[in-house]
Amino acid sequence: MKKKLIVANWKMNPTTLKQAEGIVKRYKDVSNLVVCPPFVFLNSIKLNKVQLGAQNCFWLNEGSFTGEVSPAMLKSIGCKYVILGHFERRSIFKEDNKTINLKVKACLKSNLNVILCISELKQLKKSLDGIERLNKVIIAYEPAWAIGTGKACSASLAEKKRLLIKELFPSCRVLYGGSVNEDNYLDYNNFDGLLVGELSLKKEFNSIL
Ligand code: PGA
């Protein structure tokens with residue numbers, strides 16, 4: 001998918017640095033790919049053209065916030081993108097639109113590109129409330145039931161949602177995510193790119209780049 005933005009969300013995988021280096025070595029060195037490994041591997045995974053992204057981020061740059069990672073820290077190691085509001089953060093870690101909005105604002109302030117995930121359109125307005133630099137925000141439409149289930153969204157429903165998102169936020173790029181695989185990725189050709197989970201850890205991932 002040349003010219004489209006492909007985001008590889010590794011989630012909490014793999015378990016060792018050696019394995020992480022092995023996965024990255026398999027990737028085609030293309031400029032439209034953003035790799036989002038777990039935080040601990042970010043600094044060890046350097047590729048020529050491939051961009052680095054984080055899977056989450058706190059909303060302040062420093063202080064007594066045990067276990068958190070800040071936008072300034074990500075920026076300082078060359079990270080250009082950050083995924084915010086992923087369904088797993090919302091459902092498992094109870095992040096709400098207000099928290100996500102704080103994170104979006106903080107990341108934009110640090111000049112990071114934000115990949116804002118939503119599974120329902122109603123999450124959009126609150127997550128992006130008061131945000132002006134929308135050209136640095138990429139919206140990923142990921143229906144909750146399609147994430148990690150093998151049941152991708154139909155091309156027609158995805159297109160309906162894409163158009164609705166574009167109507168609300170015309171200056172944002174829109175990605176599709178949720179059970180993307182080498183057989184269905186062309187169904188989302190109208191989107192500006194893809195957010196890929198499971199497939200991005202496998203060697204078949206190269207066939208969609
Ligand atoms: P999946 O994950 O491709 O494994 O469904 C996508 C995501 O959670 O971003």
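This passage describes the ligand site, the aromatic pairs and two backbone features of a predicted model.

In the predicted model, the ligand sits in the second largest pocket, where 13 residues surround the ligand and where Lys11, His86, Glu142, Gly148 and Ser179 are the closest. By residue class, the shell around the ligand divides into four nonpolar, six polar and three charged residues. Oxygen atoms of the ligand take part in contacts with both backbone and side-chain atoms of the protein: on the backbone side, a polar atom of Gly148 is 2.7 Å from an oxygen atom of the ligand, and a backbone N or O atom of Ser179 likewise lies 2.7 Å from a ligand oxygen atom. On the side-chain side, a polar atom of Asn9 lies 3.5 Å from an oxygen atom of the ligand. Of the 280 Å² of accessible area that the ligand has on its own, the protein covers 98%.

Beyond the ligand site, the structure holds seven aromatic pairs. One of these is formed by Tyr176 and Phe191, whose rings are arranged edge-to-face, with 6.0 Å from centre to centre and 70 degrees between the planes; the arrangement counts as edge-to-face because the angle between the planes is over 60 degrees. The pair links distant parts of the chain, since Tyr176 belongs to strand β7 (residues 173-177), whereas Phe191 is placed in the loop between β7 and β8 (193-196), and the two residues are 15 residues apart.

Two features of the backbone, each located in a loop, complete the description. The peptide bond that leads from Asn13 to Pro14 is cis, with an omega near -10 degrees, and Pro14 itself lies in the loop between strand β1 (5-9) and helix α1 (17-26). The other feature concerns Lys94, which has a positive phi of about 55 degrees although Lys94 is not a glycine; this residue is found in the loop between helices α4 (87-92) and α5 (97-109).

How values were computed:
Residues numbered from 1 in each chain as written. Predicted model: local features only at pLDDT ≥ 70, side-chain atom pairs only at ≥ 80, totals over all residues. Heavy atoms only, no water. Near = heavy atom within 4 Å. Polar contact = N/O pair within 3.5 Å; in protein donor to acceptor, adjacent residues only side chain to side chain. Areas by Shrake-Rupley, 256 points an atom, 1.4 Å probe, with all protein chains shown as cover. 1 Å grid on protein atoms, 1.4 Å probe; cavity = no way out; pocket = protein on both sides within 12 Å on 5 of 7 lines; lining within 4 Å. Sits in = over half its atoms within 2 Å of the grid points. Nonpolar A, V, L, I, M, F, W, Y, C, P; charged D, E, K, R; others polar. Phe/Tyr/Trp six-rings, centres within 6.5 Å; stacked < 30°, edge-to-face > 60°. Helix = DSSP H or I, 4+ residues; strand = E, 2+ residues; numbered from the N terminus.
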